[in-house]
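Biologist: Got a minute to go through this one with me? I keep wanting to know where the labels come from.

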Amino acid sequence: MSPPSRTAQRGVVTRPFTLWKEVATAYLAPALSAGLGGFLSGQPELTRAAFTSIGATSALVACGVGAWLHRRGRPRRWTASAPRPVLTLGLAMTAAAIAGLAGWFGSDWLPSHTPVPDAGWLERLWIDLPLSAGLAAAIVTWRWHGTTLRQQA
């Protein structure tokens with residue numbers, strides 16, 4: 001018989017990874033904090049972006065990364081065995097790079113090559129999207145990897 005894990009010794013109950021809760025948190029946490037920051041600092045464009053580009057990007061990335069990691073409840077062998085910081089940093093950088101391209105496309109390329117007007121909110125995309133995507137991917141990956149390790153113990 002194997003000795004009890006450190007988690008079991010401390011009496012901590014392991015909560016399973018629940019994708020919808022992660023997505024809801026990924027939307028609400030940055031949207032509320034950035035919205036409050038925009039309100040308190042008198043920046044209405046930040047308040048609007050908090051509930052649109054910031055919150056929506058975070059939720060979309062959390063859903064995509066979480067679904068990819070959780071894949072029908074069974075992790076891929078390499079994602080579960082990779083060191084937690086390495087996996088987290090890799091997925092966060094990948095998400096930020098993809099979102100950075102989307103932000104560039106929306107803020108620079110789209111207005112100059114299409115009839116889409118160059119609105120002020122488009123200028124925020126090049127920073128809002130990669131920052132939100134990187135943070136959401138990092139948090140979801142870190143939390144997922146932690147639940148995976150506890151379930152294997």
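What follows is a chat about how the labels on this predicted model are earned.

Biologist: Start with the overall picture: how many helices and strands does the protein have?

Modeller: Six helices and zero strands. From the N terminus on, the order reads α-α-α-α-α-α. Of the 153 residues in the protein, 35% are buried. And if you take contacts with a separation of 6 or more, 71% of them join residues 24 or more positions apart.

Biologist: OK, helix pairs. Why is α2 called roughly antiparallel to α3?

Modeller: The two axes cross at roughly 160°. Angles over 145 degrees count as roughly antiparallel, so α2 is roughly antiparallel to α3. The axes come within 8 Å, and the crossing is right-handed. By class, the α2 contact with α3 has 18 nonpolar, seven polar and one charged residues.

Biologist: And what makes α3 oblique to α5?

Modeller: Helix α3, residues 44–70, packs on helix α5, residues 84–113, at about 135°. The roughly antiparallel label needs an angle over 145 degrees, and roughly perpendicular covers 65 to 115. An angle of about 135° fits neither range, so α3 is oblique to α5. Their axes are 12 Å apart, and this crossing is right-handed.

Biologist: Which residues meet there?

Modeller: V61, V65, W68 and L69 from α3 meet L87, L91 and A95 from α5. The contact of α3 with α5 divides into seven nonpolar, no polar and no charged residues.

Biologist: Which residues have the most contacts inside the largest nonpolar core?

Modeller: V61, V65, L69 and L87, in a core of 21 residues. The elements giving two or more residues to this core are α2, α3, α5 and α6. The largest share, eight residues, comes from α6. Apart from this core lies another, of five residues, with A34, L46, A49 and I54 among them.

Biologist: What does V65 touch, leaving aside neighbours within four places in sequence?

Modeller: V65 is in contact with L91, A137, V140 and T141.

Biologist: Now L69. How do you know that L69 is buried?

Modeller: L69, in helix α3, has 0% relative accessibility. The cut-off for buried is under 20%, so L69 counts as buried. Not counting residues up to four places away in sequence, L69 touches R74, P75, R76, T79, L87, L91, T141 and W144. The C-alpha atoms of L69 and A80, eleven residues apart along the chain, are separated by 9.0 Å.

Biologist: A histidine next. Why does H145 count as buried?

Modeller: H145 sits in helix α6, and its relative accessibility is 3%. Buried means under 20%, so H145 counts as buried. Leaving out residues up to four places away in sequence, H145 touches T79, A80, A82, P83, R84 and L87.

Biologist: And what makes P111 buried?

Modeller: P111 lies in helix α5, and its value is 17% relative accessibility. Under 20% is the cut-off, so P111 is buried. From C-alpha to C-alpha, P111 and L122 are 8.7 Å apart in space, and eleven residues apart in sequence.

Biologist: Why is W78 called partly exposed?

Modeller: W78, in helix α4, has a relative accessible area of 48%. Exposed needs over 50% and buried needs under 20%. A value of 48% satisfies neither, so W78 is partly exposed. W78 touches W68 and L87, not counting residues up to four places away in sequence.

Biologist: One more: how do you know that A67 is partly exposed?

Modeller: A67 belongs to helix α3, and its relative accessible area is 37%. That value is in between the 20% and 50% cut-offs, so A67 is partly exposed. A67 touches L19 and A62, again not counting residues up to four places away in sequence. A67 and W20 are 47 residues apart in sequence, yet 9.9 Å apart in space, C-alpha to C-alpha.

Technical notes: Residues numbered from 1 in each chain as written. Predicted model: local features only at pLDDT ≥ 70, side-chain atom pairs only at ≥ 80, totals over all residues. Heavy atoms only, no water. Axes fitted to C-alpha atoms, helices over the stretch in contact; angles between N-to-C directions. Helix = DSSP H or I, 4+ residues; strand = E, 2+ residues; numbered from the N terminus. Parallel < 35°, antiparallel > 145°, perpendicular 65-115°, else oblique. Left-handed = near helix turned anticlockwise from the far one by under 90°. Contact = heavy atoms within 4.5 Å. Nonpolar A, V, L, I, M, F, W, Y, C, P; charged D, E, K, R; others polar. Core = buried A, V, L, I, M, F, W, Y, C linked by side-chain atoms within 4.5 Å. Buried < 20%, exposed > 50% of the residue type's maximum accessible area, 1.4 Å probe, protein only.
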